[in-house]
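I opened this model to look up a few local features and wrote down what I found.

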Amino acid sequence: MPGGPMRHVHFPAQRVAAAAGAPDGTLDAPARRIGDKARWYLPAAMGADFAGAAVPVGLVFDAAQQARPGYCALGAALAWVGVQALRRRYATRALGESRGVLPVVHDWLILIGVLAVARVLTGESTPRLAALGALLPALLVTVACRKLTYRHLSAARREAQAVSRVLVLGEPAAAEHVIAHLAARTDHPYVVVGVLPVGEGSLDAGVPVAARLGARMPEALTEDSAAVLGAVRSHHADLVLVVPGARIAGERLRRVAWALHDEGLEMAVFPGLVEVSVKRLETLSAGGLAVLRVAPPVRRGAQPLLKSVLDRVAAAAGLLLLSPLFLGLVLAIRLGSRGPAFYSQRRIGRDGVPFVMWKFRTMVEDADLLKAELSGSNENDGLMFKMRRDPRVTRVGRLLRRTSLDELPQLYNVLTGSMSLVGPRPPLPEEVAEYDEVELRRLTVRPGMTGLWQISGRSDLSWDETIQLDLQYVDNWSFTSDVDVMGRTLRAVVDGRGAY
């Protein structure tokens with residue numbers, strides 16, 4: 001499913017260099033493979049899991065005067081490590097790949113169940129709340145360790161390390177599209193070291209042509225296999241990524257797969273889908289055909305109901321608990337500059353319905369009138385207006401923007417139903433007037449106070465990147481992903497990157 005328009009594609013320099021490599025297809029600086037991730041990942045993960053469970057359980061059970069606190073601590077630690085191992089969290093391919101909180105919570109709940117059974121079998125009598133509290137640090141330590149390895153691995157991949165060397169096999173135009181998409185991002189382990197075009201056609205991706213297959217299936221089926229296997233060996237590839245098309249499908253593709261698998265090599269097939277969450281994909285078999293089922297985006301049922309309940313309850317609680325802070329900010333804004341404390345602006349909501357969005361005022365009173373004079377200084381490459389040092393922003397407003405406190409009045413919008421806690425950025429009417437049919441899709445859900453754009457760079461994002469993130473959210477959101485975004489928003493606010 002296309003992810004939307006790509007007016008400006010920016011390729012990370014390291015990925016382009018790694019993809020182009022030397023003339024013979026090898027990398028100028030040999031890339032570290034998936035199996036060559038930092039050696040400390042596994043001992044760090046297992047050590048953190050073990051200590052995160054053993055130490056607090058031992059201390060709590062000792063304070064509760066449990067008969068054998070040491071054995072309980074050892075049992076809890078081994079159980080936690082065992083759950084992680086059975087869930088394949090220590091597999092080489094899994095280490096450093098996720099910073100998500102929800103998978104860890106899932107594993108932790110399994111741990112609680114395992115230890116609950118052990119508690120009944122052994123007759124252990126520590127108070128339940130104390131025992132549960134003793135296990136909470138295991139969850140927190142594991143999450144912290146995963147975030148650390150994720151950040152380290154992400155930095156390594158920006159330098160084309162800890163990656164898989166990939167050959168792309170397909171018709172020239174289709175192969176080039178996939179190469180460009182992979183080169184434009186660094187949040188994946190694939191570095192393209194060569195291309196195997198099927199049929200004639202020029203390639204402008206800057207990736208060496210490892211071998212060229214004929215437009216038609218050859219009479220000797222081993223001809224394709226020999227060309228592909230030779231390219232894999234000469235380029236030391238770990239994976240052949242196939243982009244199916246009229247010239248490479250059916251029996252011809254099956255023969256290539258047999259040849260690769262007989263040599264113990266991996267093959268992956270790109271199904272033509274972009275920005276579709278794996279949670280929406282299901283593999284099926286129909287009459288011997290491998291079928292990929294794509295579930296529709298969540299629009300009805302329990303999850304939207306839970307999202308609505310969470311929005312209203314959290315917004316009401318937030319407005320009540322933060323009322324003293326609101327009063328302090330109102331006074332600071334009024335004393336800092338002339339004008340009202342609140343700023344209202346017409347935005348476009350779900351299904352194109354306009355609404356009034358509220359914020360704390362961060363600019364001078366006549367900021368909207370001055371916008372036309374500053375249009376030539378716009379630093380955004382799309383329809384949004386953004387300036388890193390906007391002269392209209394007041395001194396108090398700069399602090400509010402840096403901490404995102406100016407967004408808090410939008411809790412009222414969430415309470416009244418025109419916005420959600422998580423969703424796409426609420427656009428201005430003049431922006432929507434310029435939308436094409438792809439960009440209009442972001443209006444199929446309620447806009448949010450935070451979203452993927454908030455945790456991915458905010459104002460530092462290009463217009464295309466903002467649209468891509470919004471469309472990704474619209475098609476793939478779930479209640480659990482909303483919870484994850486809210487958790488990551490706190491870190492983005494503290495970091496302040498892209499807030500101006």
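The entries below go through the places I checked in turn.

Entry 1. The model is predicted, and I read every value here as computed from it.

Entry 2, helix α5. I looked up residues 128–158, which form helix α5. With 31 residues at 1.5 Å each, the expected span is 45 Å, and I find the end C-alpha atoms 46 Å apart, so the two values agree. Just past α5, I noted that Ala160 has a positive phi of about 60°.

Entry 3, His188. I found His188 in the loop that links α6 (172–183) with β2 (190–197). Is His188 buried or exposed? Its relative accessibility is 12%, so I list His188 as buried, the cut-off for that class being under 20%. I then checked the polar contacts of the His188 side chain. One goes to the backbone oxygen of Leu182, at 2.7 Å. Another pairs a polar atom of the His188 side chain with the backbone nitrogen of Tyr190, at 3.1 Å.

Entry 4, annotated span. The unreviewed UniProt entry marks residues 313–336 as "transmembrane region". In the model I find this span to be 96% helix and 0% strand. The C-alpha atoms at the ends of residues 313–336 are 33 Å apart.

Entry 5, Trp358. I placed Trp358 in strand β8, residues 354–360. Its relative accessibility is 31%, so I list Trp358 as partly exposed. Trp358 also belongs to a nonpolar surface patch of about 360 Å², together with Phe342, Val356 and Tyr412.

Definitions and conventions
Residues numbered from 1 in each chain as written. Predicted model: local features only at pLDDT ≥ 70, side-chain atom pairs only at ≥ 80, totals over all residues. Heavy atoms only, no water. Patch = residues over 30% accessible without salt bridge, like charges linked within 9 Å, V, L, I, M, F, W, Y side chains within 5 Å. Areas by Shrake-Rupley, 256 points an atom, 1.4 Å probe, with all protein chains shown as cover. Salt bridge = Lys/Arg side-chain N within 4 Å of Asp/Glu carboxyl O. Helix = DSSP H or I, 4+ residues; strand = E, 2+ residues; numbered from the N terminus. Buried < 20%, exposed > 50% of the residue type's maximum accessible area, 1.4 Å probe, protein only. UniProt positions renumbered as here; feature names shortened; annotations may be inferred. Expected span 1.5 Å × (residues − 1). Polar contact = N/O pair within 3.5 Å; in protein donor to acceptor, adjacent residues only side chain to side chain.
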